[in-house]
Amino acid sequence: MKQSFSLLFFTAWALLHTGSGRDLRTVTEPKNPPICTTLKPSSADETKMIQNALHSCAKGKAVALSSGVFTSGSLVIPSGVSLLIDKGATLRASTNPKLFDRGTNTCGTVDNSGGGCKPLIAISGATGSGVYGKGTIDGGGNSKLTGSSMTWWDLSSKALAENKAQNNPKMILINNSRDITLYQITVINSPYFHIQSRQTFGFTVWGVTINTPSSTRNTDGIDPTGSMNVTIAHCSISTGDDNIAISSQYAASKYISVFNNHFGHGSSMGIGSGTTFGVSDVTVTNLTMDNIRFGLYIKSNTENGGLVTNVTYNNVCIYDSPKPIVVDMHIARNPKNHTPEFNNIYFNNINVLTKGNFVFRGISKSNMVQVALKNVHIIKGSKWSVTNAKIDGTWTEDASSKSCTNPASEYLINNKNNFDLST
Ligand SMILES: *[C@@H]1O[C@H](CO)[C@@H](O)[C@H](O)[C@H]1NC(C)=O
Ligand SMILES: *[C@@H]1O[C@H](CO)[C@@H](O)[C@H](O)[C@H]1NC(C)=O
Ligand SMILES: *[C@@H]1O[C@H](CO)[C@@H](O)[C@H](O)[C@H]1NC(C)=O
Ligand SMILES: *[C@@H]1O[C@H](CO)[C@@H](O)[C@H](O)[C@H]1NC(C)=O
């Protein structure tokens, strides 16, 4: 009796809260901007040609890359200008680390600090810029670097073995910007993070495909940090590290909508581990994950913890994950006094179709993880590890379907050429 009463109470309460945390903008499907100039590939390094075209392009317009392979080092997209990578075109990251070097001569090496490379595409202090088109950005993580027998991914393995940091380029880094759009592009084989937004207000990622092998290190898919008004929709993300990781190392992250996405292999739909400035008002709706290390993952610690609140997951299906849901304030790090706090976290309509270990771990009796479960279906033989956690509602061991329906497939099949459903 007690339980059904509290479930009833919870249902009314959840209805009030569900959907409250989201991108405050009204976001609709983006449209490609008009073109200022169309470039054709040559066989040489095309960095200068593309960069000059971007600098000469009028605000509100895009430089188009027509079909063929363009090889480039680091590019800067000016404020208001966009890059359109057309169907059949590939923008390939050069294998020459010098073309990404920040001036320390360390890009393409392993050292103690990392961070020696500029990204392939930098958008910084810009308003209304973007990357559009049905073409591909190929990071070439698997290619040997100029004058070396190692690939970017070999450098990452070497860094791990030596307990150091690789200096590898990210593919798209957006910093201190507003109203940025990434639309329909495919990004593959990144040497490091695929897409990161820092301190950016107004960020839309729509219909984007990311595909990089699961064995690669630090190849996060999309990482918004210190960003607000973010929408990530209709994307397919398969990678070696977090598929999405929302953090707040430099500023708060809030008002984030993640809907109709599919994750193939990767590490998680993640929040953390840096949550110092707070992560709040995040809603994840219609997500399938297949072959994922951690499914829905909120992680922090006393080294870089903060408040994580108003997070809602609706309609999530998870297949083949050893840890389908983990809410953990305690991941091992150097303990400091940035104590995390995780509350108002709602799991609604979650189906986990394979056995796994569900982990909820707070700091202490006075600082517990606080979550609410509603319509959470799992299968028999799963394990629950609960320490210092307040869990409202419950789960049932009756998950029945045999597979998850990919909510991104319809959009991607209709809108992209050669979309491969296996990714
Ligand atoms: C978020 O979007 C809303 C609605 O458009 C706007 O009022 C608000 O200023 C935006 N927030 C930021 C930080 O840009
Ligand atoms: C990001 O923008 C801030 C403010 O303009 C600037 O100080 C910082 O150097 C930029 N960082 C990167 C990585 O571009
Ligand atoms: C989630 O999927 C349902 C069923 O397909 C759909 O009706 C709903 O609009 C989707 N939600 C969002 C936010 O797109
Ligand atoms: C969480 O949501 C509640 C209710 O909508 C709101 O009052 C509160 O300010 C939100 N918290 C944060 C940190 O945004």
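In this predicted model, ligand 3 sits among four residues: Phe259, Asn260, Thr285 and Asn286. Sorted by character, that shell comes out as three polar residues and one nonpolar, with no charged residue in the mix. Two strands do much of the supplying here: E22, which runs over 253-263, and E24, which covers 279-290, each bring at least two residues to the shell around ligand 3.

Two asparagines reach the ligand through their side chains. For Asn286, a polar side-chain atom ends up 2.3 Å from an oxygen atom of ligand 3. Asn260 also puts a polar side-chain atom by an oxygen atom of ligand 3, this time at a distance of 3.2 Å. As for how much of the ligand gets covered, ligand 3 on its own has 360 Å² of accessible area, and the protein covers 34% of that.

Next up is ligand 1. The residues around ligand 1 are Leu24, Arg25, Arg178, Phe201, Met228 and Asn229. Those residues split into three nonpolar, two charged and one polar. An asparagine turns up in a polar pairing at this site too: a polar side-chain atom of Asn229 is placed 2.3 Å from an oxygen atom of ligand 1. Taken by itself, ligand 1 has an accessible area of 360 Å², of which 51% is covered by the protein.

Stepping back to the chain that holds these sites, the secondary structure tallies up to 33 strands and four helices. With a radius of gyration of 21 Å, close to the 22 Å that the globule rule gives for 423 residues, the chain is therefore as compact as a globular protein of that length. Along the principal axes, the C-alpha atoms fill a box of roughly 75 × 45 × 35 Å.

What about the inside and the outside? Of the 423 residues in the chain, 57% count as buried. On the outside, the chain exposes about 17,000 Å², and 50% of that is supplied by carbon and sulfur atoms. The contacts have a long reach along the sequence as well: taking those between residues at least 6 apart in sequence, 74% join residues at least 24 apart.

Note on methods:
Residues numbered from 1 in each chain as written. Chains lettered and ligands numbered in written order. Predicted model: local features only at pLDDT ≥ 70, side-chain atom pairs only at ≥ 80, totals over all residues. Heavy atoms only, no water. Near = heavy atom within 4 Å. Polar contact = N/O pair within 3.5 Å; in protein donor to acceptor, adjacent residues only side chain to side chain. Areas by Shrake-Rupley, 256 points an atom, 1.4 Å probe, with all protein chains shown as cover. Nonpolar A, V, L, I, M, F, W, Y, C, P; charged D, E, K, R; others polar. Rg over C-alpha atoms; globule rule 2.2 N^0.38 Å. Buried < 20%, exposed > 50% of the residue type's maximum accessible area, 1.4 Å probe, protein only. Contact = heavy atoms within 4.5 Å.
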